[in-house]
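Hi,

Here is the structure I promised to pass on. Have a look at it first, and then read my notes below.

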Amino acid sequence: MQVPVILHCSATREDHGGVQSILAFHQARDPGLGFDPRFVSFFDRKVTWPGDCHSLAGHGWETVGALRRRFAQAARARPTDVVIYHDALGLDWFAPLDGAARRVVFLHTELANL
């Protein structure tokens with residue numbers, strides 16, 4: 001049986017905030033739940049996390065098209081079953097390129113019961 005691949009997409013992984021804590025949790029726990037986790041960040045300048053992690057290394061002086069090309073290349077590297085867009089950032093730019101059968105948007109907030 002093939003292990004489902006989950007791609008977690010986020011703005012960053014390297015700033016150690018709340019979303020990054022959730023990503024670390026998924027990196028540690030997803031394999032035990034029968035998933036193969038992958039991670040892509042949009043704006044980290046370098047990747048220091050172990051495992052299948054990639055950054056588009058985006059910055060303010062480039063076009064969305066340039067980010068889309070790098071995302072498409074990363075998505076083609078290994079097929080993905082489910083993509084989770086943390087905080088929905090990039091959903092409208094990258095969803096047509098991710099090749100996933102399912103997409104999930106995970107909205108992170110400090111407000112209870114939102």
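Let's start with one residue: is Leu107 buried or exposed? Leu107 counts as exposed because its relative accessibility is 58%; buried means under 20% relative accessible area, exposed over 50%, and partly exposed in between (1.4 Å probe, protein chains only). You'll find Leu107 in the segment after strand E5 (102-106), where helices (H or I, at least four residues) and strands (E, at least two) are DSSP runs numbered from the N terminus. Leaving out residues up to four places away in sequence, Leu107 touches Asp87 and Ala88 (contact means heavy atoms within 4.5 Å).

A quick word on the source: this is a predicted model, where local features need pLDDT of at least 70 and side-chain atom pairs count only at pLDDT 80 or more, while totals for chains, interfaces and linings use all residues. Residues are numbered from 1 along each chain as its sequence is written, and side-chain values use heavy atoms, with hydrogens and water left out.

Now the inside. The largest nonpolar core (buried Ala, Val, Leu, Ile, Met, Phe, Trp, Tyr and Cys residues joined through side-chain atoms within 4.5 Å) has 13 residues. Strand E1 (5-10), helix H2 (64-77) and strand E4 (82-86) each supply at least two of them, and H2 gives the most, with 3. A second, separate core has 5 residues, including Trp49 and Cys53.

Cys9 is buried, at 0% relative accessibility. Are there disulfides, and how many? There are 0 (a disulfide is a pair of cysteine sulfur atoms within 2.5 Å); for Cys9, the nearest cysteine sulfur, that of Cys53, is 12 Å away.

Cheers
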